[in-house]
Amino acid sequence: MRANWCLWRALFASSLVLVGCGGGDDAPPPNSDVSVTGTSLLPVVVRGGLADYRMTVANAGPETATNVTLTVSLDGGQTLGTVTCAASGGATCPGSLGETMSVPSLPRGGSLVLSVPGMIP
């Protein structure tokens, strides 16, 4: 499937990039307002330490976003740790959490908060 839309959010000079795409060849043009925001939970990280990022994916509507694919990309040799997810507003966390995640639908008013740890080399 070809995505109808894509957006991305980068933190700290591309230390973490989260890409979200949705729609597809069989889907009508989306009528949703998906956003990705993020922050680092630690003000300073050291070599051999853990960088902890929090990313929020939300849909302001007016309709459900469909076939959303989220891709986490860590830079600088970071190793992705165990991703966790909390859903609200009728959203459901992806069945498989990691580098690439699929969200079949993200309802209007729904959001996902992803905790994304990265080990610093």
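These are my notebook entries on a predicted model, written in the order in which I looked things up.

**Overall fold**

I began with the secondary structure and found nine strands and zero helices in the protein. Reading along the sequence, I wrote the pattern down as β-β-β-β-β-β-β-β-β. I then looked up burial over the chain, and of its 121 residues 38% count as buried.

**The nonpolar core**

Which residues have the most contacts inside the largest nonpolar core? I noted Leu70, Leu106 and Val116, in a core that has 20 residues. I next asked where the residues of this core come from, and I listed E3, E4, E5, strand E8 (100-106) and strand E9 (111-119), each of which supplies at least two. The largest share is that of E5, with five residues.

**The disulfide**

I searched for disulfides and recorded one in the structure, which joins Cys85 to Cys93 with an S to S distance of 2.2 Å. Is this disulfide left-handed or right-handed? The torsion about the S-S bond of Cys85 and Cys93 is about -85°, and therefore I entered the disulfide as left-handed. I also checked how far the two cysteines are covered: Cys85 has a relative accessibility of 21% and so counts as partly exposed, and Cys93, at 24%, is likewise entered as partly exposed. Since buried means under 20% relative accessible area, I did not enter Cys85, with its 21%, as buried.

**The loop between E3 and E4**

On the surface I looked for nonpolar patches and noted one formed by Leu41, Leu42 and Val45, which together have about 200 Å² of accessible area. I placed Leu41 in the loop between strand E3 (34-40) and strand E4 (50-59). Leu41 has 35% relative accessibility, so I marked this residue as partly exposed.

**The loop between E4 and E5**

In this loop I looked up two residues, Pro62 and Thr64. The peptide bond that joins Gly61 and Pro62 is cis, with omega at about 15°. Thr64 is partly exposed, as I concluded from its relative accessible area of 38%. How far apart are Thr64 and Val34 in sequence and in space? I noted 30 residues in sequence and 9.4 Å in space, taken from C-alpha to C-alpha.

**Asn67 in strand E5**

I went on into strand E5, where Asn67 has its place, and I looked at its backbone. Phi of Asn67 is near 50°, which I wrote down as a positive value in a residue other than glycine. The relative accessible area of Asn67 is 33%, so this residue too went into my notes as partly exposed.

**Gln78 and its contact**

My last entry concerns Gln78, which I located in the loop between strand E5 (65-74) and strand E6 (79-80). Is Gln78 buried or exposed? Its relative accessible area is 12%, and because buried means under 20%, I entered Gln78 as buried. I then looked up what its side chain touches, and I recorded a polar contact of 3.2 Å between the side chains of Gln78 and Tyr53.

Technical notes: Residues are numbered from 1 along each chain as its sequence is written. This is a predicted model: local features need pLDDT of at least 70, side-chain atom pairs count only at pLDDT 80 or more; totals for chains, interfaces and linings use all residues. Side-chain values use heavy atoms; hydrogens and water are left out. A disulfide is a pair of cysteine sulfur atoms within 2.5 Å. Buried means under 20% relative accessible area, exposed over 50%, partly exposed in between (1.4 Å probe, protein chains only). Helices (H or I, at least four residues) and strands (E, at least two) are DSSP runs, numbered from the N terminus. A polar contact is a pair of N or O atoms within 3.5 Å; within protein, one must be able to donate a hydrogen and the other to accept it, and residues adjacent in sequence count only if both atoms are side-chain atoms. Patches are made of residues with over 30% relative accessible area and no salt bridge: like charges are joined within 9 Å, nonpolar side chains (Val, Leu, Ile, Met, Phe, Trp, Tyr) within 5 Å. Accessible areas come from the Shrake-Rupley method with a 1.4 Å probe; for residues, only the protein chains shown count as cover. A salt bridge is a side-chain nitrogen of Lys or Arg within 4 Å of a carboxyl oxygen of Asp or Glu. A nonpolar core is a set of buried Ala, Val, Leu, Ile, Met, Phe, Trp, Tyr and Cys residues joined through side-chain atoms within 4.5 Å.
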